[in-house]
Amino acid sequence: MSLLFQSFFLVSLFFTSESIEVIKVPNEFVPGKHQTIIFQVTNHSDESIQPEMKLQLPKGWVLITAPPKFKLNPKESKRLLYTVSLSSQATKGSEQITIIMAHQEIEIDRKVITVNVKKIHNVALDVLEKPKYLKDGENFTCRYMITNKGNVDEKIKLLSRKGSVKEKTDFILPIDSTAFVSVEQLIPKSNKTQIIVNDLSIYLQDADTTFAKNIPITVYPNQSRKSNVYHTYPIEGSLLYNTIDNIADKASFFQYDIYGKGFLDRKEKHYVELIAKGTNNSGIQRFETINRHLLVYKYKQSKIQVGDFTFGLSRLLENIRLGRGALFSQDIGKLNLVLFYNQLLYFPSVKNQMGSSFSLKPNKHYLFKFNSIYREYVVKENNSTAFSGIFNYSNETTFLKAEYATSFQNKKTGFGAFINGLYKKKEFQLNSDIMFTGKDFQGFYNNSIFNSSTANVVLNKHFSINTQVNYNFINPKDDLITAQVAPFNQSYSSALQYSKNKNTTHKVAFIYRNNKDRSEIEKFNYIENALRYSYKYKSQQLNCQLGGEIAATKNKMSSQQYVEGTSYSAFLNGDYSFKKKIKVGVFSDYLKSNRYTAISVDYLFYGASVSYNPTDKLHLNVNYRNNFPLEEWYKTNSIFNLDFKYKHNARNAISVVANYSQPSNSNEKDIFVSLKYDIRFDVPLSKNKNLGNLKGQIKCDEIENVSGVILNMNDITTISNKKGEFEFNDLTPEKYYLTIDQSTYNRNYITEQTIPLEIEITPQKTDSLTINFIKPVRINGKITYQETTQFQSNGFKNKLPQLILKLDNGIDQFFTLVNERGEYSFSEIRPGDWNLSIVTKGLENKFEFVNNSKTIKLISGVNQTIDFLVKDKSRKINIKNSNIQLKIKN
């Protein structure tokens with residue numbers, strides 16, 4: 001009675017205060033991992049106790065470690081550490097863990113805690129079956145196994161870029177279940193060994209994640225590539241019929257384009273590239289309908305260009321120009337020298353120009369370059385000379401390129417400089433491109449300032465911030481074709497980006513803009529402070545971007561009074577891919593603003609695009625948009641564009657291009673339609689009459705189908721067909737060594753001939769070869785050791801060493817060791833006459849080898865057993881009559 005009273009008294013004391021306290025519990029319990037929980041228990045009574053602790057876990061959870069039994073003195077506290085393990089398929093969501101504290105089987109206190117089990121997307125993709133090798137022109141199938149090792153049912157979408165999935169491509173894969181998927185694929189015919197890839201991609205819809213498996217498989221041809229006995233030079237020719245219609249011009253004309261590039265010799269030392277373009281109407285410069293001819297010759301480290309070519313010396317001195325002239329380039333180790341002379345085709349004020357470039361690349365990190373150019377103008381007083389130096393540096397985290405240039409004209413000195421850099425390390429990235437040229441600088445740019453810099457910092461896996469600076473006031477010396485005046489543009493922005501995952505992005509940005517038109521008739525001049533939001537979503541099939549902006553706009557078109565207002569804009573654009581053949585895109589951009597007028601006006605820009613590529617032969621792209629904002633009127637903009645191409649075969653194709661565009665700074669419209677036929681042909685340069693061929697057949701009396709045997713001859717590979725036939729074509733006359741991949745034929749057979757086979761190819765002849773597969777012979781046997789019966793000391797007894805046996809037929813020799821039981825064997829021996837013997841060198845004095853050399857005749861598929869006898873030689877004792885004196889030294 002007294003014990004019961006004490007127990008109830010202790011319980012009442014415990015329940016007046018909390019005896020169990022949670023010290024540490026994970027925010028999320030991760031399936032498949034161990035988790036640690038820490039509790040603290042307190043004895044609030046005046047008596048010492050030895051509590052009994054019990055931890056109740058959800059179903060399937062396992063207790064890994066628990067504290068040992070312990071004693072608590074009055075008012076004493078103790079921390080308890082428990083380690084629990086969750087299975088990889090533990091149910092996601094909320095679960096309860098209960099800890100109970102008892103004394104003498106009477107519960108004192110309990111604590112129930114609710115924990116969250118993390119959602120785990122874990123799908124494994126494994127290759128179940130795949131062919132070891134393939135023959136061209138066949139269909140083949142790879143089989144995959146998809147296993148859901150996570151704790152949620154997965155909505156799965158399957159896709160193969162190279163083949164076709166034979167089962168359902170959309171399905172739900174329950175927890176701890178497996179699906180089997182087959183991907184079938186056609187092997188294109190080829191006359192050379194190739195590696196093709198069978199692939200399967202899995203898109204987890206809930207996780208918005210894609211992963212894939214690629215299986216490379218070697219495909220062997222049935223015959224090696226038949227080389228063209230002629231060494232040829234490849235040429236591509238095109239015939240075009242063009243139609244142009246606008247206010248200024250209306251014409252139809254023909255045009256031809258010829259391109260060639262390749263080596264003139266078989267040793268590939270002399271390389272030539274040529275371009276020839278011509279038309280019966282070369283006066284429409286805007287569409288670049290010009291006569292152009294170019295010849296490029298390369299030999300080792302030298303290059304010569306003669307004719308019409310685009311040339312860029314450096315960004316500051318001469319960026320990209322089309323001219324007629326010559327260029328010479330020479331590499332000397334780490335040095336490069338370039339000399340050039342040309343007459344610019346669409347720059348009438350310049351008569352000609354010449355210059356040079358010298359560069360040094362001491363290692364993979366550094367590059368130093370010095371450039372010079374002299375321009376002779378039609379007006380001689382404008383002749384100029386300019387020089388520049390360029391420095392490049394790069395490593396794993398940094399890229400830096402800088403140029404400084406100086407020019408001289410009419411006793412005026414001008415200068416320019418630019419620096420372009422990238423620095424990326426861990427979560428920080430900086431990009432910068434800054435350029436400046438003075439008013440007196442005579443180069444590609446004049447009186448220009450340009451700055452485009454961006455800094456990006458990744459805060460964590462979800463958040464990043466970036467800031468951007470753009471300042472664009474460039475004045476390139478445009479030619480007749482590219483003449484345009486870009487507007488002045490100045491902008492600063494700072495943005496915060498949130499990425500829920502790699503497919504979904506939210507972005508909020510503050511932007512300052514200052515845009516001004518620099519054309520003869522000013523169309524815009526405004527300042528804006530804007531707040532912009534954008535959302536971006538990207539998946540396998542769908543790309544979508546939408547957002548909006550609100551801005552305080554100040555229109556500065558009027559010099560007397562600025563017009564202030566509020567601008568609103570919204571945009572939506574996206575594209576969707578239907579399987580692998582069709583891609584459809586749309587875009588819309590709405591703007592209500594006073595940027596261009598004194599009052600707010602509504603503007604709506606919209607468009608669409610379609611891309612259709614059903615096969616490798618057919619391609620169709622169509623783009624349309626209704627209009628462009630005034631900021632883009634300084635350049636030519638395409639309103640409607642159609643691009644169609646049909647490739648009949650490797651040598652013939654037809655294409656149609658139609659374009660409806662708006663020229664720069666104009667309300668006019670241009671219509672341009674071009675019908676084009678392409679043909680590719682090879683011009684024979686020399687003939688190699690000394691090539692030879694090898695045709696062969698693999699035969700086996702017991703097997704009808706001997707296909708799939710891979711044969712290698714030096715670096716050439718082929719594979720046998722069902723009849724065992726194979727070919728090696730157009731071989732240079734010399735010695736070859738033919739080998740057979742043993743993994744591709746039945747290991748119960750061997751070749752009758754010894755492999756590798758030495759083959760001498762005869763010029764202008766087709767040699768024949770038959771390879772017979774036969775069953776090999778196995779020789780087994782045992783060596784019996786007969787010891788002497790003579791009585792002798794142990795020190796004089798012989799011990800038979802490990803013996804070596806030799807098998808020889810006069811051509812091939814094989815050796816094998818005898819094991820500790822005296823047994824030996826030879827496997828995969830060809831039939832015929834052989835000699836089998838024990839290698840006795842150095843052993844004749846101690847042992848007698850009975851019938852040591854044996855001649856045997858081996859028959860295909862018939863194994864033989866041959867034994868040997870080795871005897872111990874008896875020692876002879878010689879007795880002499882003479883006396884022997886022994887001397888003993890002290």
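Here is a walk through this model, from a nonpolar surface patch to ring pairs, strands and salt bridges.

First, some housekeeping: this is a predicted model, in which local features need pLDDT of at least 70, side-chain atom pairs count only at pLDDT 80 or more, and totals for chains, interfaces and linings use all residues. Residues are numbered from 1 along each chain as its sequence is written, and side-chain values use heavy atoms, with hydrogens and water left out.

Let's start on the surface. L239, Y241, F254, Y256, I258, Y646, I654, L675, Y677, I679 and F681 make a nonpolar patch of about 940 Å². Patches here are built from residues with over 30% relative accessible area and no salt bridge; like charges are joined within 9 Å, and nonpolar side chains (Val, Leu, Ile, Met, Phe, Trp, Tyr) within 5 Å. The areas come from the Shrake-Rupley method with a 1.4 Å probe, and for residues only the protein chains shown count as cover. At least two patch residues come from each of β17 (230-245), β18 (250-263) and β42 (670-687), with strands taken as DSSP E runs of at least two residues and helices as H or I runs of at least four, numbered from the N terminus. The top contributor is β42, with four residues. Y646 sits in strand β40 (residues 637-647) and is partly exposed because its relative accessibility is 32%; the scale is buried under 20%, exposed over 50% and partly exposed in between (1.4 Å probe, protein chains only).

How do the patch strands connect? β17 and β42 run antiparallel and are joined by 16 bridges, where strands pair if DSSP finds at least two bridges between them. One of the matched positions is L239, whose bridge partner in β42 is Y677, and both of these residues belong to the patch. Strand β41 (residues 652-662) also runs antiparallel to β42, with ten bridges, and there S655 stands opposite K676. As background, side chains in a regular strand alternate between the two faces of the sheet.

Now for the rings. The structure holds 28 aromatic pairs, counting rings of Phe, Tyr and Trp (its six-membered ring) with centres within 6.5 Å; planes under 30 degrees apart are stacked, over 60 edge-to-face, and the rest tilted. Two patch members, Y241 and F254, form a tilted pair, 5.1 Å centre to centre with 55° between the planes. That pair links β17, home of Y241, to β18, home of F254, across 13 residues. Y241 is partly exposed at 35% relative accessible area, and F254 is partly exposed at 46%. Another tilted pair is F814 with W834, at 5.9 Å and 40°. It links strand β53 (residues 813-817), which holds F814, to strand β55 (residues 832-838), which holds W834, 20 residues apart. Here F814 is partly exposed at 30%, while W834 is buried at 4%. Elsewhere, Y366, F368, F391 and Y393 form one aromatic cluster.

Charges visit rings too. R518 lies over the face of F473, 4.4 Å from the ring centre, and K854 does likewise over F868, at 4.5 Å. The test is NZ of Lys or CZ of Arg within 6 Å of the ring centre and within 35 degrees of the ring normal.

On to the salt bridges, each a side-chain nitrogen of Lys or Arg within 4 Å of a carboxyl oxygen of Asp or Glu. By this rule there are 26. E631 and R595 meet in one of them (3.7 Å, N to O). E631 lies in the loop between β39 (618-625) and β40, and R595 in the loop between β37 (582-593) and β38 (601-612), so the pair ties together parts 36 residues apart in sequence. E631 is buried at 15%, and R595 is buried at 11%. Back beside the patch strands, R651 bridges to D682, with the closest N and O atoms 2.9 Å apart. This pair links the loop between β40 and β41, where R651 lies, to D682 in β42, 31 residues apart.

R821 and E823 form a salt bridge as well, with closest N and O atoms 3.2 Å apart. Salt bridges that share partners also join R513, E528, R532, E549, R595 and E631 into one network.
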